[in-house]
Amino acid sequence: MSRVEVFVDAAGVARAAADAFEALLRERGKDGAVLGLATGSTPLPLYRELVRRHREEGLPFAHATSFNLDEYWPIAPDHPRSFARFMDEHLFDHLDLPAARRHIPSGLTPVPGLAAACQDYEAAIAAAGGIDLQVLGIGVNGHIGFNEPGALPGSRTRMVELDDSTRARARGDFGGEEVPARAVTMGLATILEARRILVLATGPDKAAAVAAAIDGPATTALPASWLQQHPDVTWLLDAPAAAAR
Ligand code: PGA
């Protein structure tokens with residue numbers, strides 16, 4: 001069942017998402033919440049709000065564990081556009097979440113060991129008790145994580161080829177440098193196992209994908225449409241992202 005909440009602006013989306021994280025972190029306390037995290041421009045206001053609540057209100061992350069959705073491949077963790085670097089800059093450097101409990105797929109695992117590394121990632125999620133709360137953005141092509149159109153609902157953490165449209169949108173971020181053609185991503189089945197999912201979408205570019213994912217049929221042409229099959233999904237939208245419904 002999908003719930004849909006619409007806010008006047010991206011700040012409202014960020015506050016609502018931060019409220020869900022705060023409630024979970026406080027409820028779990030020392031038992032440790034397991035957070036599923038995303039990169040991209042959409043979750044940035046959420047991360048700013050979580051950092052503010054940590055600094056100003058003492059919201060603790062010391063017992064939490066995190067798993068990120070994806071990483072480019074190949075890419076070094078200290079590359080300015082790696083998702084590892086993004087998470088450090090925008091979240092981890094400003095929180096008390098222990099480094100040993102932050103997980104991001106490696107963008108450097110050589111292909112011979114990659115399938116095993118992906119299985120290890122799935123096993124680490126399971127060993128942590130599963131993801132309590134997964135935050136997602138949505139691509140204009142309906143991707144979640146780097147599960148591009150065509151991804152199967154049973155897919156697991158694996159190497160994927162990026163859509164030309166995804167690489168084209170990332171081109172500005174990479175300056176003149178070539179955008180990696182591949183990535184390692186949690187699969188749709190991995191994502192759908194999270195106990196609760198928040199999908200954040202802001203801005204008019206996302207309106208068509210949002211409407212089709214919520215109101216259209218579940219189809220491999222639009223990976224986010226498989227979220228309809230999850231029992232606890234909340235879409236947090238600003239008004240422009242909700243405009244095509
Ligand atoms: P964006 O990316 O937040 O940068 O728009 C969303 C996504 O591709 O999942």
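Colleague: Which residues touch the most other members of the largest nonpolar core?

Modeller: Tyr47 and Trp235 do, in a core of 61 residues. Helix H1 (residues 10–28) gives the largest share, eight residues. A second, separate core has ten residues, including Tyr72, Leu162, Ala170 and Val179. This is a predicted model, with residues numbered from 1 along each chain as its sequence is written. Local features need pLDDT of at least 70, side-chain atom pairs count only at pLDDT 80 or more, totals for chains, interfaces and linings use all residues, and side-chain values use heavy atoms, leaving out hydrogens and water.

Colleague: What makes a set of residues a nonpolar core?

Modeller: The members are buried Ala, Val, Leu, Ile, Met, Phe, Trp, Tyr and Cys residues, joined through side-chain atoms within 4.5 Å. Buried means under 20% relative accessible area; exposed is over 50%, and partly exposed is in between (1.4 Å probe, protein chains only).

Colleague: What does tryptophan 235 touch?

Modeller: Its contacts (heavy atoms within 4.5 Å) include Ser2, Ile138, Val210, Ala224 and Leu227, with residues up to four places away in sequence not counted.

Colleague: Why is alanine 224 called buried or exposed?

Modeller: Its relative accessibility is 1%, so alanine 224 counts as buried. Alanine 224 sits in the loop between H7 and S10. Helices (H or I, at least four residues) and strands (E, at least two) are DSSP runs, numbered from the N terminus. Beyond four places in sequence, alanine 224 touches Ile138, Gly142, Ile144, Ala213 and Trp235.

Colleague: Which residues of helix H7 are buried?

Modeller: In H7 (residues 207–215) they are Ala207, Ala209, Val210, Ala211, Ala213 and Ile214. They pack against strand S1 (2–7), strand S9 (196–201) and strand S10 (233–238).

Colleague: Why are H2 and H3 called parallel, perpendicular or oblique?

Modeller: Set the angle against the cut-offs. Helix H2 (residues 44–57) and helix H3 (residues 83–90) pack at about 40 degrees, with axes 10 Å apart. Under 35 degrees is roughly parallel, 65 to 115 roughly perpendicular, over 145 roughly antiparallel, and the rest oblique. H2 and H3 are therefore oblique. Axes are lines fitted to C-alpha atoms, for helices over the stretch in contact, and angles run from 0 to 180 degrees between N-to-C directions.

Colleague: Which residues of H2 and H3 meet?

Modeller: Leu44, Tyr47 and Val51 in H2 meet Phe86, Met87 and His90 in H3. By class, this contact has five nonpolar, one polar and no charged residues.

Colleague: Why is arginine 53 called buried or exposed?

Modeller: Its relative accessible area is 5%, so arginine 53 is buried. Arginine 53 lies in helix H2. Among its contacts are Arg15, Asp19 and Glu22.

Colleague: And aspartate 132: why is it called buried or exposed?

Modeller: Aspartate 132 is at 6% relative accessibility, so it counts as buried. Aspartate 132 lies in the loop between helix H4 (111–127) and strand S6 (133–136).

Colleague: What makes a polar contact with the side chain of aspartate 132?

Modeller: The side chain of arginine 195 does, at 2.8 Å. The limit is a pair of N or O atoms within 3.5 Å; within protein, one must be able to donate a hydrogen and the other to accept it, and residues adjacent in sequence count only if both atoms are side-chain atoms.

Colleague: Where is proline 74, and which peptide bond leads to it?

Modeller: Proline 74 is in the loop between strand S4 (70–73) and H3. The bond from tryptophan 73 to proline 74 is cis, with omega near -5 degrees.

Terms used:
Ala, Val, Leu, Ile, Met, Phe, Trp, Tyr, Cys and Pro count as nonpolar, Asp, Glu, Lys and Arg as charged, and the others, Gly among them, as polar.
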